Amino acid sequence: MQDYLIFILQKNIKDYLKKTIHNENIDVFNIDGWIAKHFDQDYNSALEKLDSYATEGNCTKFPYSHIVIDEGQDFENERAEILLYLKTIIDLQNKECDRSS
């Protein structure tokens, strides 16, 4: 399980962090790169999959427990919607995991 997902808007900062962070529990992406890796660059597919994470109630299914967002105010509506889904999933996941421990 990756604990942290860090979204960086600027490519040079993202590349720098990827080179300098040597921790297997931290993933650094720009949001488009993360969507491409997990959902073949299809926002609708991403939203469907994220919705399934939110509704299945399995606290161990989504691989992140924290998300750090750099320059969140600069995200366009479509990307911001993904971020809102991610927040909802993590909130639900944390509640579910707390109940099961």
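Start by selecting Lys 14, which you will find in helix α1. This is a predicted model, so keep that in mind as you click around. Is Lys 14 buried or exposed? Lys 14 has a relative accessible area of 12%, and because that is under the 20% cut-off, Lys 14 counts as buried. Now show what surrounds the side chain. Leaving aside neighbours within four places in sequence, Lys 14 is in contact with Ile 8, Val 28, Phe 29 and Asn 30.

Next, add Asp 15 to the selection. Lys 14 and Asp 15 form a salt bridge, and their closest N and O atoms are 2.9 Å apart. Asp 15 is partly exposed, at 22% relative accessible area.

Keep Asp 15 on screen and bring in Lys 11. A salt bridge joins the side chains of Lys 11 and Asp 15 too, at 2.6 Å from N to O. How many residues apart are Asp 15 and Lys 11 along the helix? They are 4 residues apart, about one turn, and both lie in helix α1, which covers residues 11-20. Lys 11 counts as exposed, with 54% relative accessibility. As background, side chains of opposite charge can pair when their charged atoms come close.

Now travel along the chain to Arg 79 and Glu 76. Their side chains meet in a salt bridge of 2.8 Å, N to O. Colour the two by accessibility: Arg 79 is buried at 15%, whereas Glu 76 is exposed at 52%. Turning back to the earlier stop, salt bridges with shared partners link Lys 11, Lys 14 and Asp 15 into one network. A search of the whole structure finds 5 salt bridges, including those on this tour.

Time for the strands. Select residues 4-7, strand β1, together with residues 26-29, strand β2. In which sense do strands β1 and β2 pair? They run parallel, and the pairing extends over 4 bridges. For a landmark, pick Leu 5, which stands opposite Asp 27 in β2. If you then switch helix α1 back on, you have a β-α-β unit made of β1, α1 and β2, and that unit is right-handed.

Now go inside and display the largest nonpolar core, a set of 21 residues. Which of its members touch the most other members? They are Phe 7, Trp 34, Ile 35, Leu 50, Phe 62, Ile 82 and Leu 86, so label these before moving on. Colouring by element shows who contributes: β1, α2 (31-39), α3 (43-56) and α4 (77-100) each supply at least two residues of this core. Helix α3 gives the largest share, with 6 residues.

Finally, zoom out to the full chain in cartoon view. There are 4 helices and 3 strands, and starting at the N terminus the elements follow the order β-α-β-α-α-β-α. The chain has 101 residues, of which 32% count as buried. If you draw the contacts between residues with a separation of 6 or more, 64% of them involve residues 24 or more positions apart. Switch on the surface as a last stop: the accessible surface of the chain comes to about 6500 Å², and carbon and sulfur atoms account for 46% of that area.

Technical notes: Residues are numbered from 1 along each chain as its sequence is written. This is a predicted model: local features need pLDDT of at least 70, side-chain atom pairs count only at pLDDT 80 or more; totals for chains, interfaces and linings use all residues. Side-chain values use heavy atoms; hydrogens and water are left out. A salt bridge is a side-chain nitrogen of Lys or Arg within 4 Å of a carboxyl oxygen of Asp or Glu. Buried means under 20% relative accessible area, exposed over 50%, partly exposed in between (1.4 Å probe, protein chains only). Two strands pair if DSSP finds at least two bridges between them. A crossover is right-handed if, with the strands pointing away from the viewer, the path from the first strand over the helix to the second runs clockwise. Contact means heavy atoms within 4.5 Å. Accessible areas come from the Shrake-Rupley method with a 1.4 Å probe; for residues, only the protein chains shown count as cover. A nonpolar core is a set of buried Ala, Val, Leu, Ile, Met, Phe, Trp, Tyr and Cys residues joined through side-chain atoms within 4.5 Å.
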